[in-house]
Amino acid sequence: MSDGMNAAQIITIERHILEQQYRLGDTSGHLINILYDVALCGKIIASNVIQAGLTDTLGRAGEENVQGEQVMKMDKFADSTIFRLNDHTGRLACMASEENADVIAIPDKYPTGKYVLLYDPLDGSSNMDYNVSVGTIFAIYQRKSTDGRGTLDDCLQPGRKLVAAGYVIYGSSTMMVYTTGFGVHGFTLNRRWGEFILSHPNIRIPEKPQFYSVNTGNERFWSPGVLRYMRYLQGGEEVSVNLSCRYIGSLVADFHRNLLAGGVFCYPADRKDPKKAHGKLRLLYEAAPLALIAEQAGGYASDGRKPILDIQPTSLHQRVPLFIGNTDLVNQAEEYISKFDGPAAG
Ligand code: AHG
Ligand code: MN
Ligand code: MN
């Protein structure tokens with residue numbers, strides 16, 4: 001068998017997803033087909049990302065999105081790829097994307113289905129032009145409404161209701177990592193075969209963490225509790241840990257490294273910039289799907305006060321502070337914040 005693998009070692013993502021079907025009671029096969037399609041989106045986006053410098057897909061698209069951020073050409077490519085591969089399948093009631101202000105309706109000419117797909121088509125895209133790892137994040141819910149076109153209410157569900165979630169990371173290799181509630185599994189893209197092959201079964205976050213990840217350039221905007229927590233992470237408190245700081249600036253890449261090596265990623269609330277008063281990261285298509293991955297791998301994710309997965313969303317693009325990774329480290333964040341920042345407002 002070429003590529004140094006023997007047949008016994010080859011578990012494609014298609015085979016792995018199919019094995020979930022019976023566990024999930026997905027008799028229609030729609031959920032597993034959505035996961036196949038997400039994997040195909042990952043392959044298509046990867047094929048473009050790895051040679052973006054040779055195609056006209058680097059740089060800015062010349063428009064601002066609902067987040068008030070500059071849209072990169074690759075954001076648009078990834079966004080339209082995911083939409084075009086999912087709009088006609090009859091599996092989705094609606095979609096929602098970081099790059100679209102409102103719920104994305106399934107075109108009238110196509111049937112609707114019972115699932116909802118939310119996604120960050122390209123995470124870390126501001127790094128695109130510098131050849132830094134980027135990713136795609138996805139979250140899948142069952143619709144709440146019974147039929148017809150999906151609604152905003154179908155999208156505004158807490159992370160505990162997720163039926164599947166994961167990400168594709170376009171790094172030194174392209175990997176897809178997903179969970180359907182039965183553990184976290186990682187697949188590496190074999191480019192010669194065009195297949196994602198199981199390379200990281202049953203990922204568990206290591207007991208002993210190695211890293212903490214935070215943009216220290218925002219230090220002046222942090223609360224007293226967060227500042228004390230950072231000193232704890234840096235070994236400056238009486239009881240501390242001994243960690244290295246690693247910050248890539250692409251959430252998927254920072255999260256993936258900490259998931260495999262052990263660590264905590266932090267994007268705290270910002271006390272100065274009203275746009276980031278609740279942090280920068282978005283609940284529905286960044287924090288919640290990764291929180292499910294973290295918990296399924298034995299870790300935890302919090303907004304500094306409570307589990308990310310328990311938060312009831314109130315708007316499509318709402319932002320949350322995010323502390324995600326080893327349970328002990330995230331629990332410490334909640335301890336320092338409640339001790340030095342007082343009770344949560346409201
Ligand atoms: P996106 O490219 O989807 O807007 O996400 C960017 C996010 C996230 O990937 C990363 O952790 C964070 O922005 C970095 O923000 P700072 O540059 O403020 O540190
Ligand atoms: Mn993002
Ligand atoms: Mn994005």
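In this predicted model, the manganese ion (ligand 2) and the manganese ion (ligand 3) are separated by 3.7 Å, and Asp120 serves as a ligand to both of them. Around the manganese ion (ligand 2), coordination is provided by Asp120 (OD), Asp123 (OD) and Glu286 (OE), at 1.9 to 2.1 Å, and the spacing of these donors along the chain is D-x2-D-x162-E. Since Asp123 belongs to strand 5 (residues 115-123) while Glu286 belongs to helix 7, the pair ties together parts of the protein that are 163 residues apart in sequence. Asp123 counts as buried because its relative accessibility is 4%, below the 20% at which burial is set, and Glu286, with a relative accessibility of 1%, likewise counts as buried.

The manganese ion (ligand 3) is held by Glu98 (OE), Asp120 (OD) and Leu122 (O), at 2.2 to 2.5 Å. The donor residues of this ion follow the spacing E-x21-D-x1-L in sequence, and two of them, Asp120 and Leu122, are both buried. Asp120 therefore appears in the coordination of each manganese ion, with the two ions 3.7 Å apart.

Helix 7, which spans residues 283-296, lies across strand 14 and strand 15 and runs at about 30° to strand 15; Glu286, a donor to the manganese ion (ligand 2), is located in this helix. The two strands beneath discussion here are part of an open sheet of five strands, in which the order is 12-11-13-15-14 and the pairing is mixed. Strand 12 (244-245) and strand 14 (300-302) stand at the edges of that sheet and have a single partner strand each, so that one side of each is left without a neighbour in the sheet. The pairing of strand 14 with strand 15 (residues 322-325) is antiparallel and comprises three bridges, and within it Ala301 is placed opposite Ile324 of strand 15. In general, the strands of a sheet pair through backbone hydrogen bonds, in either a parallel or an antiparallel manner.

Two asparagine residues in loops have backbone angles that merit separate description. Most residues other than glycine have a negative phi. Asn131, by contrast, has a phi near 60°, which is a positive value in a residue other than glycine, and this residue is found in the loop between strand 5 and strand 6 (134-142). With a relative accessible area of 74%, Asn131 is exposed. Asn202 also has a positive phi, of about 50°, although it is not a glycine, and its place is in the loop that connects strand 10 (195-200) with strand 11 (211-213).

At the level of the whole protein chain, eight helices and 15 strands are present. The radius of gyration is 20 Å, close to the 20 Å that the globule rule gives for 346 residues, so the chain is as compact as a globular protein of that length. Along its principal axes, the C-alpha trace spans about 55 × 50 × 45 Å. Of the 346 residues, 55% count as buried, and the chain exposes about 14,600 Å², of which carbon and sulfur atoms supply 50%. Among the contacts between residues at least 6 apart in sequence, 64% join residues that are at least 24 apart.

Note on methods. Residues are numbered from 1 along each chain as its sequence is written. Chains are lettered from A and ligands numbered from 1 in the order in which they are written. This is a predicted model: local features need pLDDT of at least 70, side-chain atom pairs count only at pLDDT 80 or more; totals for chains, interfaces and linings use all residues. Side-chain values use heavy atoms; hydrogens and water are left out. Two strands pair if DSSP finds at least two bridges between them. Helices (H or I, at least four residues) and strands (E, at least two) are DSSP runs, numbered from the N terminus. Contact means heavy atoms within 4.5 Å. Axes are lines fitted to C-alpha atoms, for helices over the stretch in contact, and angles run from 0 to 180 degrees between N-to-C directions. Donors are N, O and S atoms within 2.8 Å of the metal (3.2 Å for Na, K and Ca); water is not among the atoms, so sites may look incomplete. Buried means under 20% relative accessible area, exposed over 50%, partly exposed in between (1.4 Å probe, protein chains only). The radius of gyration is taken over C-alpha atoms; the globule rule is 2.2 Å times the number of residues to the power 0.38. Accessible areas come from the Shrake-Rupley method with a 1.4 Å probe; for residues, only the protein chains shown count as cover.
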